Amino acid sequence: MRPLLFLLLALPISTSAQTAPTPAPVEIVNLEQHLWTTMAEGDFATVRSLFARDFIEVDDHIQAVDALLISLKHCKLESYELRDLQVRILSRDSALTAYHVVNTFNCGTEDKPERKNYDNNSTTVWVRQPGTARWLVQAHSETPAKS
């Protein structure tokens with residue numbers, strides 16, 4: 001009798017601990033905007049903390065998070081505008097953003113600025129970390145937008 005009682009008492013606890021609420025699209029929009037804001041502010045510790053350890057980026061080449069951070073330190077994000085941002089909830093623990101981004105990076109110095117302007121269509125995959133409420137970027141891709 002005791003093992004059955006223990007099992008019945010434990011069942012609701014283990015079931016509720018495994019079920020995270022489905023995120024609202026606005027939560028994912030806020031995460032994406034926060035990511036871009038911290039990149040523009042040059043807050044690299046926060047930027048790094050928003051990426052999964054096994055993050056991958058695909059644009060004109062493929063790179064992991066450390067290479068991305070080196071690029072961001074060399075070329076400062078000066079301005080950005082996210083347009084037509086859409087969210088697709090893939091599961092309780094994953095979501096995708098798709099949007100048009102227009103941005104400017106300065107890859108030079110204050111004395112000799114070297115500005116690069118980009119016009120891309122982008123996607124970001126956000127994944128909730130197991131057993132937590134914390135969301136991290138798992139993957140990001142950018143494709144030049146057609147004029």
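In the predicted model, I56 stands opposite A139, a residue of strand 6. The two strands concerned, strand 1 and strand 6, the latter made of residues 135-144, pair in the parallel sense over four bridges. This pairing is one part of an open sheet of six strands, in which the order is 2-1-6-5-4-3 and the pairing is mixed. Strand 2 and strand 3 are the edge strands, and each of them pairs on one side only.

The overall make-up of the protein can be stated briefly. Four helices and six strands are present, and along the sequence they follow the pattern α-α-α-β-β-α-β-β-β-β. The protein has 147 residues, of which 32% count as buried. Among contacts with a separation of 6 or more, 55% are accounted for by residues 24 or more positions apart. The exposed area of the protein is about 9,500 Å², and carbon and sulfur atoms supply 58% of it.

The remaining pairings of the sheet can be followed from strand 6 towards strand 3. Strand 5, which covers residues 115-128, pairs with strand 6 in the antiparallel sense over nine bridges. Within this pairing, T123 has S141 of strand 6 as its bridge partner. The two strands form a hairpin with six residues between them, and in the turn G131 has a positive phi of about 75°. Strand 5 also pairs with strand 4, again in the antiparallel sense, over 13 bridges. Here the bridge partner of S94 is V127 in strand 5, and F105 stands opposite K116 in strand 5.

Strand 4 is in turn joined to strand 3 by antiparallel pairing over twelve bridges. L77 has F105 of strand 4 as its bridge partner. F105 therefore has a place in two pairings, with L77 on the one hand and K116 on the other. Strand 3 and strand 4 form a hairpin with two residues between them. Ten of the 13 residues of strand 4 are buried, so this strand is largely enclosed by the rest of the structure.

Strand 1 was examined further through A52, which is found in this strand. A52 is buried, with a relative accessible area of 3%. Leaving aside neighbours within four places in sequence, A52 is in contact with L136, V137 and Q138. A52 and L136 are 84 residues apart along the chain, but their C-alpha atoms are separated by 5.4 Å.

V58 also lies in strand 1. With a relative accessible area of 37%, V58 is partly exposed, because it falls between the limits of 20% for buried and 50% for exposed. V58 joins I56 and I62 in a nonpolar surface patch of about 250 Å².

Helix 4 consists of residues 65-74, and V65, L68, L69 and L72 in this helix are buried. These residues lie on the same side of helix 4, because they cover an arc of only 100° around the axis. An α-helix has 3.6 residues a turn, so residues three or four places apart point the same way. The face turned away from the buried side of helix 4 carries the exposed residues D66, I70 and H74. The buried residues of helix 4 pack against several elements, among them helix 2 (25-41), helix 3 (44-49) and strand 1 (51-58). Strand 2 (62-63), strand 3 (76-91) and strand 4 (94-106) are also packed against by these buried residues.

One of the buried residues of helix 4 is V65. V65 counts as buried at 3% relative accessibility, because the limit for a buried residue is under 20%. Not counting residues up to four places away in sequence, V65 touches R48, F51 and F55. The C-alpha atoms of V65 and A52 are separated by 8.2 Å, and the two residues are 13 residues apart along the chain.

Notes. Residues are numbered from 1 along each chain as its sequence is written. This is a predicted model: local features need pLDDT of at least 70, side-chain atom pairs count only at pLDDT 80 or more; totals for chains, interfaces and linings use all residues. Side-chain values use heavy atoms; hydrogens and water are left out. Buried means under 20% relative accessible area, exposed over 50%, partly exposed in between (1.4 Å probe, protein chains only). The arc is that of the directions from the helix axis to the C-beta atoms. Contact means heavy atoms within 4.5 Å. Two strands pair if DSSP finds at least two bridges between them. Patches are made of residues with over 30% relative accessible area and no salt bridge: like charges are joined within 9 Å, nonpolar side chains (Val, Leu, Ile, Met, Phe, Trp, Tyr) within 5 Å. Accessible areas come from the Shrake-Rupley method with a 1.4 Å probe; for residues, only the protein chains shown count as cover. A salt bridge is a side-chain nitrogen of Lys or Arg within 4 Å of a carboxyl oxygen of Asp or Glu.
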